[in-house]
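Please open the structure in your viewer and keep the sequence panel visible beside it. The tour below proposes one selection after another and states what is to be found at each stop.

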Amino acid sequence: MAWTQQEVRELKEGRYMIIEEEPCRILSIQMSKPGKHGEAKARIDAVGLFDGSKRSVVFPVKHKVQVPLIGKRQAQVLSMTDAEVQLMDLETYETFALPLDAELKGSLSPGTDIQYLDAMGRRRITRT
């Protein structure tokens, strides 16, 4: 797995972290004040990149969490079927197939360039 470690107090909204073995984009962070014998805590709300489910966790601000290394890459559509699309990476010329989302069916055609996310060995089309 490709990830690094970072303290919770260094995280920001819009960045990424791993929750329950799923890379997630951070939607909001609320920090609480430290108590008399405790330390400050952070409540993090995030949404999964690949499954789209919302997650919420609470950690001390000095706690170290895993941050995925996300690659935003360009690819070209080679061919399409009803269920999947075959792509070629424009840097490495690697070919691979991804499942085709219903919302992307009308906007993709062979020969068009797209942008996709590559995180922890999984891929997803983000932009056409």
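**First stop: strands 4 and 5**

Select strand 4 together with strand 5 (residues 54-60): the two run antiparallel and are joined by 7 bridges. This is a predicted model. To follow the pairing residue by residue, pick Lys 41, which stands opposite Pro 60 in strand 5. Now select the turn of this hairpin, where 5 residues lie between the strands. Among these, Gly 52 has a positive phi near 75 degrees.

Keep strand 4 (residues 41-48) selected and display its surface. Is this strand mostly covered or mostly open? Strand 4 is mostly covered, as 6 of its 8 residues are buried.

**Second stop: from strand 4 to strand 3**

Strand 4 also pairs with strand 3, again in the antiparallel sense, and here too the count is 7 bridges. Select Cys 24 and look across to strand 4: the residue opposite is Gly 48.

**Third stop: strands 2 and 3**

Add strand 2 to the selection. Strand 2 and strand 3 (residues 22-31) form an antiparallel pair with 4 bridges. Ile 18 can serve as a marker, for it stands opposite Pro 23 in strand 3.

Next, consider the two faces of strand 2 (residues 16-19). Which residues are buried on each side? Tyr 16 and Ile 18 are buried on one side, and Met 17 and Ile 19 are buried on the other, so that both faces of the strand are covered.

Move on to the loop between strand 2 and strand 3 and select Glu 20, which lies there. The hairpin has 2 residues between its strands. Phi of Glu 20 is near 55 degrees, a positive value in a residue that is not glycine. Is Glu 20 buried or exposed? Glu 20 counts as exposed because its relative accessible area is 63%, and the cut-off for exposed is over 50%. Glu 21 is found in this loop as well, and its phi, near 60 degrees, is also positive in a residue other than glycine.

**Fourth stop: Val 65**

Select Val 65, whose place is in strand 6 (residues 64-68). Why does Val 65 count as buried? Its relative accessible area is 4%, and buried means under 20%, so Val 65 falls within that class. Show the neighbours of Val 65, leaving aside residues up to four places away in sequence: Val 65 touches Thr 4, Gln 5, Gln 6, Val 8, Leu 11, Met 17 and Phe 59. Met 17 has appeared already, as one of the buried residues of strand 2.

For a distance to display, join the C-alpha atoms of Val 65 and Pro 23. These two residues are 42 apart in sequence and 12 Å apart in space.

**Fifth stop: Met 80**

Select Met 80, which is placed in strand 7 (residues 71-80). With 28% relative accessibility, Met 80 is classed as partly exposed. Apart from residues up to four places away in sequence, Met 80 touches Val 85, Leu 100, Lys 105, Leu 108, Ser 109 and Pro 110. The last of these contacts can be given a distance: Met 80 and Pro 110 are 30 residues apart in sequence and 7.0 Å apart in space, C-alpha to C-alpha.

**Sixth stop: strands 10 and 11**

Select strand 10 (residues 113-119) and strand 11 (residues 122-127), an antiparallel pair joined by 5 bridges. Gln 115 stands opposite Arg 127 in strand 11. In the turn of this hairpin, 2 residues lie between the strands, and Met 120 takes a positive phi near 55 degrees.

**Final stop: the whole chain**

Clear the selection and view the entire protein chain. How many helices and strands are there? The protein chain has 0 helices and 11 strands.

Rotate the C-alpha trace: along its principal axes it spans about 60 × 25 × 20 Å. The radius of gyration of the protein chain is 18 Å, whereas a compact globule of 128 residues would have one near 14 Å. Of the 128 residues, 35% count as buried.

Lastly, colour the chain by charge. There are 19 positive and 18 negative side chains, and the centres of the two sets lie 11 Å apart. The accessible surface comes to about 7800 Å², with 48% belonging to carbon and sulfur atoms.

Technical notes:
Residues are numbered from 1 along each chain as its sequence is written. This is a predicted model: local features need pLDDT of at least 70, side-chain atom pairs count only at pLDDT 80 or more; totals for chains, interfaces and linings use all residues. Side-chain values use heavy atoms; hydrogens and water are left out. The radius of gyration is taken over C-alpha atoms; the globule rule is 2.2 Å times the number of residues to the power 0.38. Buried means under 20% relative accessible area, exposed over 50%, partly exposed in between (1.4 Å probe, protein chains only). Accessible areas come from the Shrake-Rupley method with a 1.4 Å probe; for residues, only the protein chains shown count as cover. Lys and Arg count as positive and Asp and Glu as negative; His and the chain ends are not counted. The place of a charge is taken as NZ of Lys, CZ of Arg, CG of Asp or CD of Glu. Two strands pair if DSSP finds at least two bridges between them. Contact means heavy atoms within 4.5 Å.
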